[in-house]
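Please open the structure in a viewer and keep the selection tool at hand. The stops below proceed from one selection to the next.

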Amino acid sequence: MLLYSQPLELTKLVHSLDAFFRSSLSPFWATLVEGILIGIAILAAYALIALALIYIERKIAAFFQSRLGPNRLGKYGVIQSIADMIKILIKEIIHVNKIDKLLYYLAPFFVIVASVLSFGAIPFGQSLQAVDFNIGVFYVLAVSSIGVIGILLAGWSSNNKYSMIGAMRSGAQFISYELSAGFSLMTIVVLSGTMQFSELIEGQRYCWNLFNGHIPAFIAFVIFLISGHAETNRGPFDLPEAESELTAGYHTEYSGLRFGFFYLAEYLNMFIIAAIATTVFLGGWMPIQIKGWDAFNQVMWYIPSWIWFFGKAFVLMFLSLWVRWSFPRLRIDLLLNLEWKYLLPINLVNILVMVIIVLSGLTLADIFPAVFGK
Amino acid sequence: MTNSSLFVVVLLTGITLVAAGLGVAMLLSPKSTNFQKGEPYECGLPTHGTSWMQFRVGYYLYAILFMMFDVEIIFLFPWATVVRSLGMMGLASILIFIAILSLGLAYAWKKGVLKWT
């Protein structure tokens with residue numbers, strides 16, 4: 001591990017905090033304090049990323065449509081989303097009459113907890129990762145699918161036809177595209193031979209998985225972006241909340257902060273998809289490294305790892321916004337056809353192609369070990 | 001800290017976020033009760049009947065197909081991790097596995113499950 005003195009790298013801060021608590025407190029209290037600190041850090045990052053994303057999305061959408069976007073509050077409207085957050089916090093929470101109370105109140109919990117759980121597994125930078133399971137990829141797939149339970153509960157319990165139709169569409173769409181997301185991530189697991197995020201990133205030091213697996217990896221990358229985009233109910237795939245036919249879909253009956261949680265989770269899920277794609281395909285927080293060019297590598301390491309991570313993730317999020325504001329909405333049967341008749345069969349063949357490439361030594365790292373090898 | 005205890009920390013963080021947020025919102029937000037306000041929002045028209053009724057079967061067929069392939073994903077992930085050491089035998093055995101499941105998809109496709117009428 002190359003470690004140069006970087007002024008903005010948070011790794012040293014994390015390690016020195018850990019060492020400080022371990023040395024000055026008893027093991028139980030040290031664990032407790034660290035747990036609380038990790039929780040606060042996750043909450044802060046969660047809220048900050050959501051606020052930043054909402055602002056970025058509104059600004060970029062405005063530019064795509066030749067508008068100005070938010071520009072009144074602060075320079076270029078940067079504090080607009082903070083004002084919106086305060087507004088949504090003090091909005092009245094309307095009590096609806098004929099709902100299924102328990103499920104109605106439970107739904108935001110499911111949606112938010114699913115996104116926080118997968119958020120915790122994302123490696124934001126060197127040692128900036130809360131949960132590093134050795135089944136990381138599988139864990140993220142598993143916990144992110146809890147979110148669909150929340151959406152179905154919200155739609156069912158609201159006792160509203162729009163909510164019901166929206167939730168059913170969302171459920172069908174989510175579970176269908178989850179298959180593609182799973183299979184395309186599996187293609188990379190075949191290539192790298194590990195499911196742990198830290199090992200995945202370490203394995204991409206000299207060659208990103210996207211290039212290492214060339215053709216099948218590229219197909220998997222495109223499929224993952226499409227299915228991730230569909231899983232978050234955005235862009236041309238936003239049928240569950242198609243406002244012209246379903247008002248607001250599954251969260252029609254939710255008001256105030258309860259609605260705010262659905263909104264928050266949607267933006268965070270977009271970030272999580274971009275972050276997973278960055279980590280699995282584009283080398284995560286690892287700076288660009290070229291074998292043998294030590295001076296160049298050292299300069300690259302001087303940029304903090306979390307800036308690399310957010311830079312790569314932002315490129316993917318921009319792509320997602322670009323798609324969202326450029327294409328018309330699909331019809332539900334076309335949407336499900338795209339998954340079951342095109343993406344899924346392509347994916348199944350793609351995995352087998354990847355296995356053949358890995359076994360016959362045709363990955364870039366195998367062909368050019370001097371340049372791309374580990 | 002171990003990964004499992006960190007998982008619990010993250011889980012509690014998520015629950016706290018929703019609970020605390022709702023608590024603050026309850027304190028800050030105005031309250032007023034009005035029967036009309038609590039009616040289901042269906043664009044101004046009075047609600048007709050309940051929405052807890054039978055729903056089209058197409059969605060459930062997709063859910064059943066999903067079950068099949070989701071279980072396949074669970075089986076395939078451990079295989080994908082060790083495929084380098086399994087070699088050609090691993091490829092051959094999984095080829096049979098995927099072929100059988102693809103037959104299932106092909107059958108459903110032929111039967112018109114994927115057609116939306």
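**First stop: H4(A) against H1(B)**

Select H4(A) and H1(B), which pack with their axes 8 Å apart at an angle of about 140 degrees; axes here are lines fitted to C-alpha atoms, for helices over the stretch in contact, and angles run from 0 to 180 degrees between N-to-C directions. Helices (H or I, at least four residues) are DSSP runs numbered from the N terminus, as are strands (E, at least two). The angle makes H4(A) oblique to H1(B), because angles under 35 degrees count as roughly parallel, over 145 as roughly antiparallel, 65 to 115 as roughly perpendicular and the rest as oblique.

The model is predicted: local features need pLDDT of at least 70 and side-chain atom pairs count only at pLDDT 80 or more, while totals for chains, interfaces and linings use all residues. Residues are numbered from 1 along each chain as its sequence is written, and chains are lettered from A and ligands numbered from 1 in the order in which they are written.

The crossing of H4(A) and H1(B) is right-handed (near helix turned clockwise from the far one by less than a right angle; left-handed if anticlockwise). Display A:Pro108, A:Phe109, A:Ile112, A:Val113, A:Val116, A:Leu117 and A:Gly120, which meet B:Val10, B:Leu11, B:Thr13, B:Gly14, B:Ile15, B:Leu17 and B:Val18; contact requires C-beta atoms, placed from the backbone, to lie within 7 Å. This contact divides into 11 nonpolar, 3 polar and no charged residues. Ala, Val, Leu, Ile, Met, Phe, Trp, Tyr, Cys and Pro count as nonpolar, Asp, Glu, Lys and Arg as charged, and the others, Gly among them, as polar.

**Second stop: H2(A) against H1(B)**

Keep H1(B) (residues 3–28) and add H2(A): the two axes come within 9 Å and cross at roughly 50 degrees. H2(A) and H1(B) are therefore oblique to each other, and the crossing is right-handed. On H2(A), select A:Gly35, A:Ile38, A:Gly39, A:Ile42 and A:Leu43; the partners on H1(B) include B:Leu6, B:Val9 and B:Leu12. The contact has 8 nonpolar, 3 polar and no charged residues.

**Third stop: H7(A) against H2(B)**

Next select H7(A) and residues 58–81 of chain B, which form H2(B); their axes come within 10 Å and cross at roughly 20 degrees. H7(A) is thus roughly parallel to H2(B), and the crossing is left-handed. Among the contacting residues are A:Gly171, A:Ile175 and A:Phe183 of H7(A), with B:Phe66, B:Asp70 and B:Phe77 of H2(B). By class, 17 residues of this contact are nonpolar, 4 polar and 1 charged.

**Fourth stop: the whole interface**

Widen the selection to both chains: 64 residues of chain A are in contact with 54 of chain B. H7(A) supplies the largest share of the chain A side, 14 residues. That side comprises 38 nonpolar, 17 polar and 9 charged residues.

**Last stop: H15(A)**

Finally, select residues 332–359 of chain A, the helix H15. Where does the kink lie in H15(A)? Center on A:Leu343, shortly before the proline A:Pro345, where the kink is about 35 degrees (the angle between axes fitted to the seven residues ending there and the seven starting there). Beyond H15(A), select A:Gly361, whose phi is positive, near 65 degrees.

How values were computed: Expected span 1.5 Å × (residues − 1). Contact = placed C-beta atoms within 7 Å.
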